[in-house]
Amino acid sequence: MTTDAPGAADTVEIIALSGVAVLVRTAHSDDLAAVNDLHGRCSPQSRRARYHGPRDALRTTEWRRLVDPARAWSVLLAAADEPDRAIGFASLIRLPDPDSTEASLLIEDRWQGFGIGTAVAGHLTTVAKRSGAPALTSWIGPANVRALRIAHRLGADVRVADGVAEARLVLQPRVIAVPPYEPTAVSYLPACRGTTRSSW
Ligand SMILES: CC(C)(COP(=O)(O)OP(=O)(O)OC[C@H]1O[C@@H](n2cnc3c(N)ncnc32)[C@H](O)[C@@H]1OP(=O)(O)O)[C@@H](O)C(=O)NCCC(=O)NCCS
């Protein structure tokens with residue numbers, strides 16, 4: 001469920017299936033300190049799962065890219081009763097392939113397993129679809145059960161190659177040009193010769 005949070009035009013409140021309420025708002029360049037505080041509260045395993053390598057924090061240039069509307073859209077997540085402390089962040093990132101947009105999520109360890117990832121992934125999917133993105137792609141470690149379950153729940157096609165699972169979710173129906181049908185004079189069906197019963 002998604003509702004407008006009172007008093008914050010750019011904030012939506014998402015209720016996870018567990019009943020936990022999460023505030024989701026667009027992130028800005030001056031949120032880097034809050035995002036890096038969040039990184040400090042995450043385990044190395046969670047950060048590795050998000051970045052597919054060791055990572056303690058984001059550099060200013062990296063964060064600028066994640067909040068640059070020409071390249072990406074990122075949101076900060078907060079608990080409803082503590083709106084100024086980030087418990088996670090998520091991003092939609094334009095890829096060089098114009099047919100796809102990357103979706104990524106990082107949720108603080110003590111907030112994992114409450115359905116927040118599922119709810120926020122659904123929100124990202126809705127936003128991406130409304131903005132006209134043809135498809136979403138996420139790269140997931142093959143042992144990352146939670147992320148893989150979210151991908152499957154959303155209906156993504158998941159393929160494992162080179163030790164990484166690529167989850168791809170098509171958002172817009174692809175229009176395929178079909179040549180106009182022209183009945184041909186040649187029939188490929190054998191002529192019926194005096195029998196009314198099929199021999200099949
Ligand atoms: C992956 C991540 C975003 C998932 O978010 P989350 O809020 O923890 O996940 P949810 O609570 O929504 O659970 C997602 C699924 O995992 C299942 N799950 C939750 N905890 C689990 C556990 N301990 N063991 C197995 N499955 C579990 C849930 O039941 C759900 O599956 P279902 O819908 O089939 O029932 C979050 O754990 C995270 O930030 N991890 C570190 C970074 C990362 O891996 N990012 C993804 C790659 S970009």
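Q: Which helix gives the most to the shell around the ligand?
A: Helix 5, with 6 residues. Keep in mind that this is a predicted model.

Q: What else supplies at least two residues of that shell?
A: Helix 2 (44–51), strand 6 and helix 4 (116–130) each do, as does helix 5 (145–154).

Q: And which residues come nearest to the ligand?
A: Gly 115, Gly 117, Thr 118, Asn 144 and Arg 153, out of 21 around the ligand.

Q: How does the shell split by class?
A: It has 9 nonpolar, 8 polar and 4 charged residues.

Q: Back to Gly 117. Which of its atoms lies 2.7 Å from a ligand oxygen, backbone or side-chain?
A: A backbone N or O atom.

Q: Which side chains have a polar atom by a ligand oxygen?
A: Arg 149 is one, with a polar side-chain atom 2.9 Å from an oxygen atom of the ligand. Gln 112 is another, at 3.5 Å.

Q: How much of the ligand's accessible area does the protein cover?
A: 77% of the 940 Å² that the ligand has on its own.

Q: Where does the ligand sit?
A: In the largest pocket.

Q: Switching to strands. What does strand 6 pair with?
A: Strand 5, antiparallel, over 7 bridges. Strand 6 covers residues 101–107. Ser 91 stands opposite Ser 104 in strand 6. A hairpin of 6 residues joins strand 5 to strand 6.

Q: And how many bridges join strand 4 to strand 5?
A: There are 8, and those strands also run antiparallel. Ala 72 has Ile 93 in strand 5 as its bridge partner.

Q: How many residues are in the hairpin from strand 4 to strand 5?
A: The hairpin joins them through 2 residues.

Note on methods
Residues are numbered from 1 along each chain as its sequence is written. This is a predicted model: local features need pLDDT of at least 70, side-chain atom pairs count only at pLDDT 80 or more; totals for chains, interfaces and linings use all residues. Side-chain values use heavy atoms; hydrogens and water are left out. Two strands pair if DSSP finds at least two bridges between them. Helices (H or I, at least four residues) and strands (E, at least two) are DSSP runs, numbered from the N terminus. A residue is near a molecule or strand if one of its heavy atoms lies within 4 Å of it. A polar contact is a pair of N or O atoms within 3.5 Å; within protein, one must be able to donate a hydrogen and the other to accept it, and residues adjacent in sequence count only if both atoms are side-chain atoms. Accessible areas come from the Shrake-Rupley method with a 1.4 Å probe; for residues, only the protein chains shown count as cover. On a 1 Å grid over the protein atoms alone, a cavity is a set of points where a 1.4 Å probe fits but cannot get out, and a pocket is an open set with protein on both sides within 12 Å along at least five of seven lines; lining residues have an atom within 4 Å of a point. A molecule sits in a cavity or pocket if more than half of its atoms lie within 2 Å of its grid points. Ala, Val, Leu, Ile, Met, Phe, Trp, Tyr, Cys and Pro count as nonpolar, Asp, Glu, Lys and Arg as charged, and the others, Gly among them, as polar.
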